[in-house]
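User: Can you walk me through this one? I'd like to start in the middle of the fold and work outward.

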Amino acid sequence: MCRDGESSDYDGKIVIVTPEPATREPGKVTFTPRDEEITGHALLSAFFEQVVTDNMAGKLNVHTWQGICGAYVEQLRHSPLFPRFPYVRKFLDQFRSHQEGSDFGERIFGFIHPEKQGFHEFAITSDDTSELWLSSDSNPKKSRLIAAVYSANGVAWTTPYNYKKYPIQVSRKIALKSSRKYYIEALHKQSKGRSHIQVFWKEPSSQTFRIIPGKYLSLFVDDRDMHEEGIVEDIDFHSYAPSGNPSHTKRKLDPSVKKFLYKC
Ligand SMILES: [Ca+2]
């Protein structure tokens with residue numbers, strides 16, 4: 001990281017020197033990567049992945065669509081207002097949501113920043129159905145379905161913390177790097193009655209699943225200055241719903257679902 005003749009005090013770190021007008025002395029911000037083996041371009045890349053500005057850190061985006069019938073995530077995807085025109089935009093400070101009400105769908109999304117290198121497992125609970133998507137890096141287009149609350153034998157749902165009701169609620173072991181951030185997204189559909197969604201992870205060498213806390217999360221888009229309701233002009237739609245995101249691709253509906261698509 002340094003040329004001949006320069007101090008090597010900062011080998012393996014990125015040091016940003018910024019002027020501080022009050023003192024005219026240079027201020028230093030030192031970044032130490034979680035993955036200590038990386039150098040060069042990978043180190044610079046890790047800096048931009050791991051350093052999150054205050055307004056983006058510790059939260060996930062949550063978008064809600066009201067007035068959509070049914071208990072299946074596919075019914076949310078088939079709404080003409082999904083994913084670009086949510087009715088409500090808010091933030092979550094951990095990976096769970098307990099919105100009350102009927103006939104709504106939620107999209108919870110942002111980045112996850114692993115603290116530990118190695119194999120992670122994820123799990124999801126919800127009432128009614130849900131899906132959990134994870135990218136192999138920060139690009140939403142690389143998202144893959146890793147867990148779900150779903151049953152081929154009718155509407156699926158679980159109580160909170162019960163991630164053992166359906167086998168597909170728990171992901172396989174997924175290798176994550178502590179020097180990277182990963183796009184993550186949960187889709188949830190509530191029909192009637194009780195409603196919730198929770199997303200858990202089990203870190204390397206841990207024996208327990210726990211709800212992913214905000215300290216490992218960051219926003220995908222800072223939309224706090226937008227109106228909370230209605231269609232808003234001048235939105236950068238690409239930042240909301242990048243085209244080609246596999247989690248948003250509509251699938252052919254089962255006739256039994258199609259029958260109820262727009263009927264509550
Ligand atoms: Ca329900």
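Analyst: Sure. Keep in mind that this is a predicted model. Let's start with a strand pairing: strand 6 and strand 11, residues 182–190, are joined by nine bridges and run antiparallel.

User: Which residue in strand 11 is the bridge partner of Glu 106?

Analyst: His 188.

User: And where does strand 6 sit in the sequence? Is it buried or exposed?

Analyst: Strand 6 covers residues 104–112. It is mostly covered, with nine of its nine residues buried.

User: OK. How many bridges join strand 3 to strand 6?

Analyst: Six. Strand 3 spans residues 60–66, and the two run antiparallel.

User: Give me a residue pair there. What is the bridge partner of Asn 61?

Analyst: Phe 109, in strand 6.

User: What about strand 14, how many bridges to strand 6?

Analyst: Three bridges. Strand 14 is residues 217–219, and it runs antiparallel to strand 6.

User: Which residue does Ile 112 stand opposite in strand 14?

Analyst: Leu 217.

User: Switching topic. How many helices and strands in the chain?

Analyst: Four helices and 14 strands.

User: And how much of the chain is buried?

Analyst: Buried residues account for 35% of the 264 residues. Strand 6, by contrast, has nine of nine buried.

User: Last one. What share of contacts join residues at least 24 apart?

Analyst: 73%, counting contacts in the chain between residues at least 6 apart in sequence.

Notes:
Residues are numbered from 1 along each chain as its sequence is written. This is a predicted model: local features need pLDDT of at least 70, side-chain atom pairs count only at pLDDT 80 or more; totals for chains, interfaces and linings use all residues. A residue is buried if 20 or more other C-beta atoms lie within 10 Å of its own, exposed if 12 or fewer, and partly exposed in between; C-beta atoms are placed from the backbone. Two strands pair if DSSP finds at least two bridges between them. Two residues are in contact if their C-beta atoms, placed from the backbone, lie within 7 Å.
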